[in-house]
Amino acid sequence: MGRIETTFARLRAEGARALIPYFTAGDPSLEVTRSLVAEAAGRGADVIELGLPFSDPLADGPTIQRAGSRALAGGVSLAKLLPMAASLRGHVAAPLVLMTYLNPLYRYGLEAATRDLATAGFAGLIVPDLPLEESDPLARAAEAAGLDLVYLAAPTSGSARLRRIARASRGFVYLVPLTGLTGERAALPPDLVTLIRDLRAVTTKPICVGFGLSTPDHVAEVVRYADGAIVGSAIVRLVESLRDDPALVQKVGGFIAALKAATRETPPVARA
C-alpha cells in the first residue's frame, strides 16, 4: 500500500475527508515553497500537490499560468525542484504529489524522472495532458519507482471511460467537475453530486475533486460526497498577492487551516 493509499485509509477509518492544497513550485521561490509546504502540513493538509512550472500549461487558468511564468523566470526546473522536495523528508508527513505535463517528463526521461521523484520523496504524479490510451509507458515507470499515477476524470468521460480511468488510477481518482481550465469560480457546478455518484458507482477508490474550488464553503460542500477537496488557484492567488509580505507563509497557512476546518463542518452523505 502506497503512502497516498495509506493516508486515505486512515482518513476513512477516522471518518475524515482530505484537504489537498496546491502550490506552484518556485513561486515566489523554491525556498518559500518549501516553507509553504511545511506550513500547509502543519495546518492540516493531508496530501500536498506541487505544480512544476511549464511553458505551455494547457490545463491551467491565468492565476497558475502567471505563477508558472514567474517560477520559470526564476529558473525553476524539475532538477532544481527535486533537492527542495528531498529536504522535506522527515519534516512533512503528508504525501507529496507532483502535478506536471508530459513534456518535462519526456525531456528528463520517464524512468529517470519517476526514479528521481520517488527518491526525492514524492508519492504520486498527476499529468493532465496524459491520454489514458497512451499512458502505459509512464504508468509502468511510475509503478516500478513506487509512485502512484493519478488519473483525471471529467464530465465528458462517459461511464465506460470512467470505469477504465478509475481502474488505472492509483492513490485516488482526480475528478474535474467542469470543462475548462483551473481557476476560481463563484459557485460549484450544478451537476457535481451526479458526477461524484457516477464515479462512485464504478470504483471504491478515493475520489477527490479539484478545479474551481476556492472557498471553505466549496470545500464543505464537496466533501459531503467526495473523499477530498483540491484547492489550487485560490491559494496560488493568495501567494501572489502576499509575495512581498514577510508574513506570507503564516497568512497562507491560516487560509489552509480554514479550508481544512471546512472538511469537518458537515458529515458525509452515506454512500449508496
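Author: A residue is called buried when its relative accessible area is under 20%. The model discussed here is a predicted one.

Reader: What makes β1 a mostly covered strand?

Author: Of the 7 residues in β1, 7 are buried. On one side these are A18, I20, Y22 and T24, and on the other L19, P21 and F23, so with each of them under the 20% limit both faces of the strand count as covered.

Reader: How do you know that β1 pairs with β9?

Author: Two strands pair if at least two bridges are found between them. Between β1 and β9 (residues 228-231) there are 4 bridges, so the two count as paired, in the parallel sense. Within this pairing, P21 stands opposite V231.

Reader: And what makes β2 a partner of β1?

Author: The same test applies: β2 (residues 48-51) shares 3 bridges with β1, and at least two are needed, so these strands pair as well, again in the parallel sense. In β2, L50 is the bridge partner of F23.

Reader: Which elements make up the right-handed β-α-β unit?

Author: The unit consists of β1, α2 and β2.

Reader: Why is F211 called buried?

Author: Its relative accessibility is 8%, and the limit is under 20%, so F211 counts as buried. F211 lies in the loop between β8 (207-209) and α10 (216-222).

Reader: What is notable about the phi of F211?

Author: Phi of F211 is near 70 degrees, a positive value, and the residue is not glycine. Most residues other than glycine have a negative phi.

Reader: Where is there a cis peptide bond, and what is its omega?

Author: The cis bond joins D27 and P28, with omega at about 5 degrees. Most peptide bonds are trans. P28 sits in the loop between β1 (18-24) and α2 (30-42).

Reader: What makes α11 mostly covered?

Author: In α11 (residues 233-241), 7 of the 9 residues are buried, namely S233, A234, I235, V236, L238, V239 and E240. Among the elements covering them are β1, α2 and β9.

Reader: How does the span of α12 compare with the expected one?

Author: The expected span is 1.5 Å times one less than the number of residues; α12 has 15 residues, so 21 Å is expected. From first C-alpha to last, α12 reaches 22 Å, which is close to that.

Reader: Which elements do the buried residues of α12 pack against?

Author: They pack against β1, α2, α10, β9 and α11. The buried residues of α12 include L248, F255 and A262.

Notes:
Residues numbered from 1 in each chain as written. Predicted model: local features only at pLDDT ≥ 70, side-chain atom pairs only at ≥ 80, totals over all residues. Heavy atoms only, no water. Buried < 20%, exposed > 50% of the residue type's maximum accessible area, 1.4 Å probe, protein only. Right-handed = clockwise from strand over helix to strand, strands pointing away. Contact = heavy atoms within 4.5 Å.
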